[in-house]
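Hi everyone, thanks for coming. I'd like to walk you through one structure today, and we'll take it slowly. Have a look at it first.

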Amino acid sequence: MIKANYHTHSTYCDGNDSLEQMTLAAIEKGFDTLGFSGHSYTFFDEEYCMTKENTVRYQQDIASLKEKYAGKIQLLCGIEQDMYSTEDTGCYDYAIGSAHYVKKGSRYLAVDNSAQQFMGQINELYDGNCYAFCEDYFSQISSLYERTGCDIIGHFDLVTKFNEGNVLFDESHPRYREAAETAATKLIAADVPFEINTGAMAKKLRTSPYPATRLCDFIAANGGRFILSSDCHSKNLLDFGFDEIKNIADHRGWSIIYKLLI
């Protein structure tokens with residue numbers, strides 16, 4: 001079976017290890033393919049993403065590593081393209097489309113920085129109504145493919161990052177389910193895989209990946225496909241949870257592809 005990860009962050013954005021350190025760890029773990037996916041530049045929030053200057057260096061560094069490790073591993077130069085980024089993706093091997101913000105008027109509300117910020121924004125702008133916020137999130141992410149032309153749908157239900165055990169809102173609530181399923185249906189039609197993302201599991205924020213099991217069942221039942229991803233920010237977590245998720249996917253009949261067709 002092909003062993004690959006396409007969602008990988010390095011010190012060029014908010015990761016902990018260099019591109020070469022990640023590459024060497026992937027080789028040691030027996031990876032066939034490692035795709036790098038630095039965060040695209042977002043003009044309204046420069047805290048976590050690659051700068052324009054670092055984006056150029058990132059591309060050059062990966063090109064050098066591709067040559068250096070040819071024959072040992074396939075390296076790909078990808079990008080995690082936020083749906084509100086205005087950067088061009090044409091020069092990359094592939095793009096992961098992600099929504100890290102809800103746009104409310106002229107403001108970009110971060111979805112995944114902290115639980116405190118998450119609820120603070122909802123209390124300020126949504127009168128504390130998490131379902132209204134989630135409806136906006138899924139309404140906006142439904143146009144992710146149209147906006148980014150992505151090859152992978154990134155962490156589809158990122159809005160649940162701090163909701164382990166339904167501590168903030170009930171993911172079985174009809175308003176939440178309708179919003180999520182409507183968005184999923186539109187994105188399934190784009191015929192690109194949804195990532196099953198173990199990143200929040202590695203950070204011990206969730207006990208299950210994105211998307212939630214119920215949503216994966218819905219996506220699979222409606223013809224959607226998946227690709228495994230660790231959303232890795234540290235070299236030791238490149239394949240975090242992969243064996244567990246493969247077993248769950250086999251049991252539940254989820255269709256997983258292991259090599260991105262680009």
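I'll go through two helices, then the cores, then the empty spaces, and finish with a few single residues.

One thing up front: this is a predicted model.

Okay, let's begin with helix α4. How many residues does α4 have, and how far does it reach? It has 12 residues and reaches 16 Å from its first C-alpha to its last, close to the 16 Å expected at 1.5 Å a residue. Now, 9 of those 12 residues are buried, so α4 is largely enclosed by the rest of the structure. The buried ones are C130, Y131, A132, F133, C134, Y137, F138, Q140 and I141. And what do they pack against? That would be strands β5 and β6, plus helices α3, α5 and α6.

That brings us to α6, which covers residues 174–188. Let's do the same check here. With 15 residues at 1.5 Å a residue, α6 should span 21 Å, and its end C-alpha atoms are 21 Å apart, so the two agree. Which residues of α6 are buried? Find Y176, A179, A180, E181, A183, A184, L187 and I188. Notice that there's a glutamate in that list, E181. The buried residues of α6 pack against α4, α5, β7, β8 and α8.

Now for the cores. In soluble globular proteins, nonpolar side chains tend to be buried together. In this model, the largest nonpolar core has 51 residues. The ones with the most contacts inside that core are F133, Y137, F138, F156, V159 and Y176. Several elements each supply at least two residues of this core, among them α3, α4, α6, β8 and α9. Which element gives the largest share? It's α4, with 8 residues.

Let's zoom in on Y137, since we've met it in α4 already. If you leave aside its neighbours within four places in sequence, Y137 is in contact with A99, V102, V111, H155, F156, D157, L158 and V159. There's also a second, separate core of 22 residues, which includes Y12, A26, L34 and Y58.

L34 takes us to L75, which sits in strand β3. Is L75 buried or exposed? Its relative accessible area is 6%, and the cut-off for buried is under 20%, so L75 is buried. Beyond its sequence neighbours within four places, L75 is in contact with T23, L34, F36, L65 and K66. And here's a nice bit of folding for you: L75 and D32 are 43 residues apart along the chain, yet their C-alpha atoms are separated by 8.8 Å.

On to the empty spaces. Rolling a probe the size of a water molecule over the atoms shows where empty space is left. The largest pocket holds about 320 Å³ of space. It's lined by 20 residues, and the closest to its centre are D14, H39, H100, D112 and K161. By class, that lining has 6 nonpolar, 7 polar and 7 charged residues.

There's a cavity as well, and the count is 1 cavity of 30 Å³ or more. What volume does the largest cavity have? About 60 Å³. Its lining includes I2, Y6, L228, F242 and Y258. Both β9 and α9 give two or more residues to that lining. By class, this lining has 8 nonpolar, no polar and 2 charged residues.

Last part: a few single residues. H155 is in the loop between β7 and α6. With a relative accessible area of 3%, H155 is buried. Leaving aside neighbours within four places, its contacts include H7, E80, H100, Y137, Y210 and D231.

Two of those partners bring us to some backbone details. Most residues other than glycine have a negative phi, and most peptide bonds are trans. Here, though, a cis peptide bond joins Y210 and P211, with omega at about -15°. P211 is in the loop between α7 and α8.

Then there's D231, with a positive phi of about 45° although it is not a glycine. D231 is in the loop between β9 and α9, and it's buried, with a relative accessible area of 12%. D191 has a positive phi too, about 60°. D191 lies in the loop between α6 and β8, and it's exposed, at 54% relative accessible area.

That's my tour, so go ahead and ask away.

Technical notes
Residues are numbered from 1 along each chain as its sequence is written. This is a predicted model: local features need pLDDT of at least 70, side-chain atom pairs count only at pLDDT 80 or more; totals for chains, interfaces and linings use all residues. Side-chain values use heavy atoms; hydrogens and water are left out. Helices (H or I, at least four residues) and strands (E, at least two) are DSSP runs, numbered from the N terminus. The expected span of a helix is 1.5 Å times one less than its number of residues. Buried means under 20% relative accessible area, exposed over 50%, partly exposed in between (1.4 Å probe, protein chains only). Contact means heavy atoms within 4.5 Å. A nonpolar core is a set of buried Ala, Val, Leu, Ile, Met, Phe, Trp, Tyr and Cys residues joined through side-chain atoms within 4.5 Å. On a 1 Å grid over the protein atoms alone, a cavity is a set of points where a 1.4 Å probe fits but cannot get out, and a pocket is an open set with protein on both sides within 12 Å along at least five of seven lines; lining residues have an atom within 4 Å of a point. Grid points are joined across faces, edges and corners, and a volume is the space filled by probe spheres set on the points. Ala, Val, Leu, Ile, Met, Phe, Trp, Tyr, Cys and Pro count as nonpolar, Asp, Glu, Lys and Arg as charged, and the others, Gly among them, as polar.
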